[in-house]
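Ready for a few exercises at the screen? Have the viewer open and try each task before reading its solution.

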Amino acid sequence: EFNVFRGIQRNPLFVGILLLTAMLQVVMVEFGGKAMHVHEDGLDGMYWGVSIALGSGSLLVQQVINIVFKYCHLHYGNWREAKRLKASRRLSTRHIDATSNS
């Protein structure tokens with residue numbers, strides 16, 4: 001899928017799980033203290049910003065991967081498929097000599 005956000009609002013179960021996970025992570029970081037091995041006062045605003053930026057950066061990386069894959073598949077996919085089929089034909093049409101003993 002080229003656009004990772006397409007149709008996200010049409011799946012309420014996914015959106016609910018995503019929001020619940022985000023809320024639980026905030027609660028654990030802010031109030032977890034010693035139980036979660038985080039700072040007792042939680043994170044300040046700057047570190048929350050860094051955390052959100054790093055998390056959303058993975059979406060950007062996925063978009064780049066999708067673009068590179070689509071480009072490579074369009075330009076090299078047919079060549080690779082033809083090479084595979086040629087090798088497959090060569091293997092399946094090999095002549096077997098029934099008179100020779102191994």
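Three exercises follow, each with a worked solution.

This is a predicted model, in which local features need pLDDT of at least 70, side-chain atom pairs count only at pLDDT 80 or more, and totals for chains, interfaces and linings use all residues. Residues are numbered from 1 along each chain as its sequence is written, and side-chain values use heavy atoms, with hydrogens and water left out.

**Exercise 1. The pocket**

Find which residues line the largest pocket, and sort them by character.

Solution.
- Step 1: Start with the term: on a 1 Å grid over the protein atoms alone, a pocket is an open set of points where a 1.4 Å probe fits, with protein on both sides within 12 Å along at least five of seven lines, and lining residues have an atom within 4 Å of a point.
- Step 2: Select A22, Q25, V26, W48, S51, I52, G55 and S56, which form the lining.
- Step 3: Two elements, α1 (12-31) and α2 (45-92), each give two or more residues to this lining; helices here are DSSP runs (H or I, at least four residues), numbered from the N terminus. The largest share, five residues, belongs to α2.
- Step 4: Sorting gives four nonpolar, four polar and no charged residues, with Gly counted as polar.
- Step 5: The space in this pocket comes to about 210 Å³, a volume being the space filled by probe spheres set on the grid points, which are joined across faces, edges and corners.

**Exercise 2. Exposed or buried?**

Decide whether M23, in helix α1, is buried or exposed, then do likewise for V27.

Solution.
- Step 1: Recall the cut-offs: buried means under 20% relative accessible area, exposed over 50%, and partly exposed in between (1.4 Å probe, protein chains only).
- Step 2: M23 has a relative accessible area of 52%, so M23 is exposed.
- Step 3: V27, also found in helix α1, has 44% relative accessibility and therefore counts as partly exposed.

**Exercise 3. An unusual backbone angle**

What is the phi of H37, and where does this residue lie?

Solution.
- Step 1: Most residues other than glycine have a negative phi.
- Step 2: H37 has a positive phi, near 60 degrees.
- Step 3: H37 sits in the loop between α1 and α2.
- Step 4: Its relative accessible area is 73%, so H37 is exposed.
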